[in-house]
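Me: I have a model open and want to go through its packing and a few residues. Can you take some quick questions?

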Amino acid sequence: MSKAITFSEYGAPEVLRLSEVTPPEPGPGQVRIKVRAASVNPIDMKIRSGLMARMAPADFPVIPGLDAAGVVDAVGAGADATVGDEVLGATVGGSYAEYALLERPVAKPESLSWEVAASLVTVGQTAARVLDQLGVQGGQTLLIHGAAGSVGVIAVQLAAARGITVIGTAAERDLERVTALGATAVRYGDGWVERVKAAAPGGVDFVFDASGAGVLADSVALTGDAANVITIADMAAAQHGLRFSAGTSEQGGQSLPELVQLAAAGKLTVPVWRTYPLAEAARAQADLEAHRNQGKAVLVP
């Protein structure tokens, strides 16, 4: 037996429990890792609270978590790794655990810490996926709402590296940090549209909403076409005729090796805020909900 965090009902962080579970066995193409770090993502809290229940009902009990980094200790037939390899990737069946399964493991460079390796997966793949879905090119202007959030900080850096002019909305306290990432930072809240227009006098070509802050109607008006706006955070997307982007490891997996190499080379920053023992997963989620945009929280089993 091994330990994992589970929940058997929707609710506040307190529904998360440290449980005894049977370690998962890798199937064809899968590897099992001894988890060294597991990232806590905003989507984890949405799933736990029941906000995603209509889109993806939970099959209780649930082991939460999407990302992990660790050492391979068992391999399935045809798996692209061997026992002892240090890897990271999107998990199958949850990552808040001592052992987890990966389907598409990516080698962890020695220069990359376990915490950063685990933190890069979902947020990095999400950012890369949405930029590709928008089709934004170098020389164009992209507005990113929630530029100081976990996905936003990666999206700003990837877009800037591709020669895209980036405008990023953020709280007053985060403006300097967003600017340092390569964007023109604009304070969100009342009057944000006018501030964005002043920052981008040539207009905005595309909008990536990572905030879910009720900005979709004005974002469509800014670009002139709902097809130029994508949200990953606002469930009202359909009401505005635009896309809600929700991906899987299959859809984003091709970008992960590139993201890992950029991070290992120091060209992509993934801010890690705090680390927690596995048993304190509930506190990690509660802290993230209370202190948004501080960086990544990571569980260390």
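Reply: What follows is a short run through cores, helix pairs and single residues in this predicted model.

Me: Start with the largest nonpolar core. Which residues touch the most other members?

Reply: The largest nonpolar core has 50 residues, and L88, L142, I144, I154 and F208 touch the most other members. Elements that each supply at least two residues include strand 5 (86-92), helix 2 (114-134), strand 8 (141-145) and helix 3 (150-161). Strand 9 (165-170), helix 4 (175-181), strand 11 (206-209) and helix 8 (256-264) also each supply at least two.

Me: Which helix gives the most to this core?

Reply: Helix 2 gives the most, with 12 residues.

Me: And what does L88 touch, leaving out residues up to four places away in sequence?

Reply: L88 touches A68, A69, L102, R104, P105, V106, A107, K108, A117, V121, L256 and V260.

Me: What is in the second core?

Reply: The second core is separate and has 26 residues, among them F7, A79, L278 and L288.

Me: Helix pairs next. How do helix 2 and helix 3 pack?

Reply: Their axes are 8 Å apart, at an angle of about 55°. That angle makes helix 2 oblique to helix 3. The crossing of the two is right-handed.

Me: Which residues meet there, between helix 2 and helix 3?

Reply: On the helix 2 side they are V123, G124, T126, A127, A128 and L131. On the helix 3 side they are S150, V151, I154, A155, L158 and A159. I154 also appears among the residues that touch the most other members of the largest core.

Me: What about helix 5 and helix 6?

Reply: Helix 5 (residues 192-199) packs on helix 6 (residues 216-223) at about 30°, with the axes 11 Å apart. Angles under 35 degrees count as roughly parallel, so helix 5 is roughly parallel to helix 6. Helix 5 passes helix 6 in a right-handed crossing. W192, V193, V196 and K197 from helix 5 meet D218, S219 and L222 from helix 6.

Me: A221 is in helix 6 too. Buried or exposed?

Reply: A221 is exposed, because its relative accessible area is 60% and the cut-off for exposed is over 50%. Its C-alpha is 9.8 Å from that of V193, and the two residues are 28 apart in sequence.

Me: One more pair: at what angle do helix 1 and helix 9 cross?

Reply: Helix 1 (residues 42-49) and helix 9 (residues 281-290) cross at roughly 105°, and their axes come within 10 Å. They are therefore roughly perpendicular to each other. The contact is made by D44, M45 and R48 of helix 1 with Q285, L288 and E289 of helix 9. L288 is also one of the residues in the second core.

Me: Switching to polar residues. Where is R32, and is it buried or exposed?

Reply: R32 is in strand 3 (residues 31-40). R32 counts as buried because its relative accessibility is 12%, and buried means under 20%.

Me: What does the R32 side chain have for a polar partner?

Reply: A polar atom of the R32 side chain lies 3.1 Å from the backbone oxygen of P24. Beyond four places in sequence, R32 touches P23, P24, E25, P26, V71, V72, D73, A74, Y99, A100 and L101.

Me: And Q30, where is its place?

Reply: Q30 is in the loop between strand 2 (17-21) and strand 3. Q30 counts as buried at 10% relative accessibility. Its side chain reaches the backbone nitrogen of G27 at 2.8 Å. Leaving aside neighbours within four places, Q30 is in contact with E25, V75, G76, A79, V92, L101, L102 and E103.

Me: G76 is on that list. Where does G76 sit?

Reply: G76 is in the loop between strand 4 (67-75) and strand 5. G76 counts as buried at 11% relative accessibility. Outside four places in sequence, G76 touches P26, G27, G29 and Q30. From G76 to E25 the C-alpha distance is 8.1 Å, with their positions 51 residues apart in sequence.

Me: Last one, A4. Buried or exposed?

Reply: A4 counts as buried, at 0% relative accessibility. A4 is in strand 1 (residues 2-6). Not counting residues up to four places away, A4 touches R17, L18, S19, V21, I63, Y96, A97 and L278. L278 is another of the residues included in the second core.

Terms used
Residues numbered from 1 in each chain as written. Predicted model: local features only at pLDDT ≥ 70, side-chain atom pairs only at ≥ 80, totals over all residues. Heavy atoms only, no water. Helix = DSSP H or I, 4+ residues; strand = E, 2+ residues; numbered from the N terminus. Buried < 20%, exposed > 50% of the residue type's maximum accessible area, 1.4 Å probe, protein only. Polar contact = N/O pair within 3.5 Å; in protein donor to acceptor, adjacent residues only side chain to side chain. Contact = heavy atoms within 4.5 Å. Core = buried A, V, L, I, M, F, W, Y, C linked by side-chain atoms within 4.5 Å. Axes fitted to C-alpha atoms, helices over the stretch in contact; angles between N-to-C directions. Parallel < 35°, antiparallel > 145°, perpendicular 65-115°, else oblique. Left-handed = near helix turned anticlockwise from the far one by under 90°.
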